[in-house]
Amino acid sequence: RARENGETRGQLTDRCRRVMEEYASALGVEAPDNEPRATRYVPQMRDMIAALERRGLAYRAADGDVNYAVRKFPGYGKLSGKSIDELRAGERVSVDASKQDPLDFVLWKRSKPDEPKWPSAWGEGRPGWHLECSAMSCTLLGEHFDIHGGGEDLQFPHHENEIAQSEGASGKPFVNYWMHNGFVRVDEEKMSKSLGNFRTVREILASFDPEVVRFFIVRAHYRSPLNYSDAHMQDAKAALTRLYTALRGCPAAPTAIDWDEPHAVRFKAAMDDDFGTPEAAAGLFDPANDGNRGAAPLAPQPPALGGVLGILQRDRPESL
């Protein structure tokens, strides 16, 4: 794409990054502590390949690539709960004569003309896609960390390969918990560029307040498909407006949460149960209605609990 546009890779990625940050900021998404770029972690990727070679998990193919030997890693398939033979039978994998097994994947790809390339012990080339994530996460978070997220379509082969690479190189468990989010759908069809049924964040924010978008998202469980439609967005706006109306007069500023209060106990239990935002968001209506009926001790709780989800931090609903 950079070649097509007549620009450098850096110019292309910087422009895309700025747009992403603009959208994230508009939606109230907090910036991460680290935003690694794969091109800056090539030395760590080369080190990981070398470690895999020493452990007998990587081999040099006849075409100049370096591949991962999945059958030499005993735990391959544990994320998807399938054996190697089941994965081979049930998934489309590329057949390559240079691979010892069709499920083997590239760690280092021999460079082609006009492609980005870096020097290495295996010749000039570039890292495999799966390797980038293992090297960056292990460098920044440690070889064993708690939570790894991603779309459900990445469970196999990407995350399965990340586990094989990371644990194969370090000998340590990679991740404790995997959180895979469902696809976004538009009027019950999968959102995709090929179908032409996608909406950009810019287009959506031209019609709906960012807080309405956040409320629409948290009303669905992250593992479930998220079905976008203007009607569903209007419904989310109406529900959020009712919630704000019930809280009229309550303090909008963040209030310390009393986690022993019954509504807060239920909110926390929902969030602790696999990030159950639908139940947590629905539970905000109970204390809000209590507060609307004059139960003053409960009134500050909904805005404070809503702050956990990034909602209910305004004075009036009219601005939605």
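# Exercises on a predicted model

The count of disulfides (pairs of cysteine sulfur atoms within 2.5 Å) comes to 0. This is a predicted model, in which local features need pLDDT of at least 70 and side-chain atom pairs count only at pLDDT 80 or more, whereas totals for chains, interfaces and linings use all residues. Residues are numbered from 1 along each chain as its sequence is written, and side-chain values use heavy atoms, with hydrogens and water left out.

## Exercise 1. Cysteines

Task: Explain why the sulfur of Cys-133 forms no bond with the closest cysteine sulfur.

Solution. Step one: the closest cysteine sulfur to that of Cys-133 belongs to Cys-138 and is 11 Å away, which is too far for a bond. Step two: for Cys-138, the closest cysteine sulfur is in turn that of Cys-133. Step three concerns accessibility, where buried means under 20% relative accessible area, exposed over 50%, and partly exposed in between (1.4 Å probe, protein chains only). Cys-133 is partly exposed at 24%, while Cys-138 is buried at 13%.

## Exercise 2. The antiparallel sheet

Task: Determine the strand order of the open sheet of 4 strands and state which strands stand at its edges.

Solution. Step one: strands (E, at least two residues) and helices (H or I, at least four) are DSSP runs numbered from the N terminus, and two strands pair if DSSP finds at least two bridges between them. Step two: the order is β1-β2-β3-β4, with antiparallel pairing. Step three: β1 (58-60) and β4 (125-127) each have a single partner strand, so one side of each lacks a neighbour in the sheet. Step four: β2 (residues 66-68) and β3 are joined by 3 antiparallel bridges, and Tyr-68 has Phe-105 in β3 as its bridge partner.

## Exercise 3. Ser-98

Task: Locate Ser-98, decide whether Ser-98 is buried or exposed, and identify its contacts.

Solution. Step one: Ser-98 is found in the loop between α4 (84-90) and β3 (105-110). Step two: its relative accessibility is 16%, so Ser-98 counts as buried. Step three: leaving aside residues up to four places away in sequence, Ser-98 touches Tyr-59, Ala-61, Asp-63 and Asn-67, contact meaning heavy atoms within 4.5 Å. Step four: the side chains of Ser-98 and Asp-63 make a polar contact at 3.2 Å. Such a contact is a pair of N or O atoms within 3.5 Å; within protein, one must be able to donate a hydrogen and the other to accept it, and residues adjacent in sequence count only if both atoms are side-chain atoms.
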